[in-house]
Amino acid sequence: MIGSQFDLSWGPEHLDTVVADIEPYKGPKSIGNMIVERFPWAQKIFREHGRLGADFRTYQQYLISEFPNCNVYYYASGTWEELDNYLNMGYAVMLFTDKGKLTKSGHYIVLKRQTAPGVYESADPWFGDGKIYKRSELVFNKPYFLVML
């Protein structure tokens, strides 16, 4: 998702490929297989849940492999000030919404810009591009996000 904000040539077909590559499967090696082989945190997640896509570190590693000249920062317990600063500098931020906010299990969206304090324009594949969200509609406390510079 954040890659599509960074590189507009990424269309739906490319994003579908990303999702498929993130999950490790038997058969041809994917980025998910390499992540599981390389990182103990990924081994634990895959062993416990059978998938990796629910953890932002997986997306961070994918983006690093796809865009080697960029830095991708992962904030497990970021602050709204950090998130807002990145948006105000013109960077898109991929955010995980808390369980029970937009969906029962949580949801990933890209925040494109802040339209007012605590109000964000999003690129949301599920609920629509350009949708506006208030901070209180997204997370309960600390934001969990990725930013790509």
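**Figure 1. The hairpin of β3 and β4 in the predicted model.** In this predicted model, strand β4 (residues 119-123) lies antiparallel to β3, and five bridges join the pair. Look for Ala 116 and you will find its bridge partner in β4, Val 119. Two residues sit between the strands of this hairpin, and Gly 118 takes a positive phi near 75° there.

**Figure 2. The pairing of β2 with β3.** β3 also pairs with β2, again in the antiparallel sense and over five bridges. A handy landmark is Val 93, whose bridge partner in β3 is Leu 111. Val 93 turns up once more in Figure 5, where it belongs to a core of 15 residues.

**Figure 3. Helix α6 and its two faces.** Helix α6 spans residues 80-88, and its buried residues are Trp 80, Leu 83, Asp 84, Tyr 86 and Leu 87. Viewed down the helix axis, these buried residues fall within an arc of 160°, so they line one face of α6. The spacing fits a familiar rule: an α-helix has 3.6 residues a turn, so residues three or four places apart point the same way. On the face turned away from the buried side, you can pick out the exposed residues Glu 81 and Asn 88. The cover over the buried residues of α6 includes β1 (72-75), β2, β3, β4 and β6. Just after the helix comes Gly 90, with a positive phi of about 100°.

**Figure 4. The largest nonpolar core.** This core has 25 residues, and the ones with the most contacts inside it are Ile 35, Ala 42, Phe 56, Tyr 59, Met 94 and Leu 146. Two or more residues each come from α3, α4 (40-49), α5 (56-66), β2 (93-97), β3 (107-116) and β6 (144-148). The element that gives the most is α5, with four residues. As a general point, nonpolar side chains in soluble globular proteins tend to be buried together. For a closer look at Ala 42, set aside its neighbours within four places in sequence: the residues in contact with Ala 42 are then Ile 35, Val 36 and Leu 52.

**Figure 5. A second core.** Separate from the core of Figure 4, this one has 15 residues, among them Trp 80, Val 93, Ile 109 and Phe 145. Trp 80 may look familiar, as it is one of the buried residues of α6.

**Figure 6. Tyr 59 and its surroundings.** Tyr 59 lies in helix α5. Its relative accessible area is 16%, which is under the 20% cut-off, so Tyr 59 counts as buried. Beyond its neighbours within four places in sequence, Tyr 59 is in contact with Ile 22, Gly 53, Met 94, Tyr 108 and Leu 146. Gly 32 is 27 residues away from Tyr 59 in sequence, and their C-alpha atoms are 9.7 Å apart.

**Figure 7. Asn 33 in helix α3.** Helix α3 covers residues 31-38 and contains Asn 33. With 14% relative accessibility, Asn 33 counts as buried. Its side chain makes a polar contact of 2.8 Å with the side chain of Ser 30.

**Figure 8. Stepping back to the whole chain.** Six helices and six strands make up the secondary structure, following the pattern α-α-α-α-α-β-α-β-β-β-β-β along the sequence. The chain has 149 residues, of which 46% count as buried. Of the contacts between residues at least 6 apart in sequence, 55% join residues at least 24 apart. About 8,400 Å² of the chain is exposed, with 53% of that area supplied by carbon and sulfur atoms.

How values were computed
Residues are numbered from 1 along each chain as its sequence is written. This is a predicted model: local features need pLDDT of at least 70, side-chain atom pairs count only at pLDDT 80 or more; totals for chains, interfaces and linings use all residues. Side-chain values use heavy atoms; hydrogens and water are left out. Buried means under 20% relative accessible area, exposed over 50%, partly exposed in between (1.4 Å probe, protein chains only). A polar contact is a pair of N or O atoms within 3.5 Å; within protein, one must be able to donate a hydrogen and the other to accept it, and residues adjacent in sequence count only if both atoms are side-chain atoms. Contact means heavy atoms within 4.5 Å. Accessible areas come from the Shrake-Rupley method with a 1.4 Å probe; for residues, only the protein chains shown count as cover. A nonpolar core is a set of buried Ala, Val, Leu, Ile, Met, Phe, Trp, Tyr and Cys residues joined through side-chain atoms within 4.5 Å. Two strands pair if DSSP finds at least two bridges between them. The arc is that of the directions from the helix axis to the C-beta atoms.
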